[in-house]
Amino acid sequence: MTAGIISGLDGVRKLASFLERFPNLLLLTGAGMSTASGIPDYRDREGVRRGKAPMQGPDFRRSDAVRKWYWSRSMAGWPAVAQAQPNAGHRAIAEMEARGNIAAIVTQNVDGLHQRAGSVNILELHGNIGAVVCLECGAHFPRGSIQFVLTQANPNLAGRMTVTAPDGDAHLGAASLIDFQLPYCAHCAGMLQPDVVFFGDVVPRWRTEDAEKKLADADALLVVGSSLMVYSGYRLCKTAAALGKPIAAINLGKTRADHLMVIKLEALVEHALPLLARFLNAP
């Protein structure tokens with residue numbers, strides 16, 4: 001199967017007409033949801049990763065130097081995520097969920113913008129970067145409180161102008177690592193990690209099972225703003241196809257599951273979703 005590629009206003013109408021046949025719709029969202037909120041994504045329209053390789057979980061836990069590299073860049077990049085606001089696409093999804101057009105949302109994003117837009121039934125497949133966990137005692141901390149610790153310990157980096165990168169990262173030179181002070185758990189002085197699934201790590205089993213249950217309960221799957229190059233999202237599409245559930249998408253550019261899709265709208269999600277919300281269930 002090859003996705004029927006549609007575009008423009010007529011394409012949105014066709015997608016709305018298609019989705020009206022499936023009252024229990026599962027939504028899968030990716031990084032393309034948040035680019036209009038000022039949070040960059042990882043890949044170009046061909047699905048090819050931009051820039052340097054992302055943080056690998058095993059490397060983070062193995063090396064002080066790698067943790068300094070991560071936390072220094074996170075310290076510089078966190079304000080962009082903390083100040084980001086839901087865009088028109090997030091708000092349209094919340095509206096469609098409230099109206100009953102969307103039964104549940106599975107997101108690959110860690111920015112929490114769906115919740116801030118008002119969506120309720122959300123599974124964050126890769127966690128939330130707004131939380132930090134101690135790997136020794138399991139204590140959790142708000143990311144904002146760790147930002148305070150970081151700025152107090154590293155005043156030379158506070159307020160530095162940087163170029164924002166995906167998921168609260170920022171571009172910094174190697175000189176920023178000199179004398180950089182890592183944050184530690186306030187309870188046990190253990191190692192702190194953002195409460196997210198790094199590349200190279202495995203999505204917790206309970207989240208995978210929850211996503212599969214939401215899919216089993218759904219009539220169809222709509223992918224929004226994801227190239228599906230990360231396997232956790234692609235696996236959900238493979239499962240949907242195996243269950244005979246139709247898959248549609250709104251995405252600019254190639255996805256890993258194009259061959260599994262019935263229909264695909266080539267559009268910016270922040271433009272297409274408000275129109276889709278208007279057309280769904282329109283008299």
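Which residues line the second largest cavity? In this predicted model, select Arg67, Trp71, Leu182, Pro183, Tyr184, Met191 and Leu192, which form that lining. The space they surround has a volume of about 30 Å³. By class, the lining holds six nonpolar residues, no polar residue and one charged residue.

**The largest cavity**

The search of the whole structure that located this site finds two cavities of 30 Å³ or more. The other stop is therefore the largest cavity, with about 70 Å³ of space. To display its lining, select Leu125, Val203, Thr208, Ala211, Glu212, Ser232, Arg235, Leu236 and Thr239. Two elements each give two or more residues to this lining: helix H7 (205-217) and helix H8 (231-242). Of the elements, H8 gives the most, with four residues. The classes here are four nonpolar, three polar and two charged residues.

**Helix H7**

Next, isolate H7 and examine its length. At 1.5 Å a residue, its 13 residues should span 18 Å, and the end C-alpha atoms are 18 Å apart, which agrees. Now colour the buried residues of H7, which are Arg207, Thr208, Ala211, Lys214 and Leu215. These residues lie on the same side of H7, because they cover an arc of only 125° around the axis. Two of the residues just coloured, Thr208 and Ala211, also appear in the lining of the largest cavity. Rotate the view to the face turned away from the buried side of H7, where the exposed residues Arg205, Trp206 and Lys213 are found.

**Strand S3 and its partners**

Move to strand S3 (residues 104-107). Ala104 and Val106 point one way from S3, while Ile105 and Thr107 point the other way, and all are buried. Show strand S2 (residues 25-29) as well: four bridges join S2 to S3, and the two run parallel. Within this pairing, leucine 26 has alanine 104 of S3 as its bridge partner. Then add strand S4 (residues 122-124), which runs parallel to S3 and is joined to S3 by three bridges. Here isoleucine 105 stands opposite isoleucine 122 of S4.

**Two residues with positive phi**

Most residues other than glycine have a negative phi. Two loop residues merit a look in this respect. Select alanine 189, in the loop between strand S8 (169-171) and strand S9 (192-196). The phi of alanine 189 is near 65°, a positive value in a residue other than glycine. Is alanine 189 buried or exposed? Alanine 189 counts as exposed, because its relative accessibility is 55% and the cut-off for exposure is over 50%.

Continue to leucine 228, in the loop between strand S10 (220-224) and H8. Leucine 228 is not a glycine either, yet has a positive phi of about 65°. Leucine 228 counts as buried, because its relative accessibility is 1% and buried means under 20%.

**Methionine 261**

For the last stop, select methionine 261, which lies in the loop between strand S11 (247-250) and strand S12 (263-265). With a relative accessibility of 0%, methionine 261 counts as buried. Add lysine 245 to the selection and compare the C-alpha positions: methionine 261 and lysine 245 are 16 residues apart in sequence and 9.9 Å apart in space.

Methods:
Residues numbered from 1 in each chain as written. Predicted model: local features only at pLDDT ≥ 70, side-chain atom pairs only at ≥ 80, totals over all residues. Heavy atoms only, no water. 1 Å grid on protein atoms, 1.4 Å probe; cavity = no way out; pocket = protein on both sides within 12 Å on 5 of 7 lines; lining within 4 Å. Points joined across faces, edges and corners; volume = space filled by probe spheres on them. Nonpolar A, V, L, I, M, F, W, Y, C, P; charged D, E, K, R; others polar. Buried < 20%, exposed > 50% of the residue type's maximum accessible area, 1.4 Å probe, protein only. Pairing = 2+ DSSP bridges. Expected span 1.5 Å × (residues − 1). Arc of directions from axis to C-beta.
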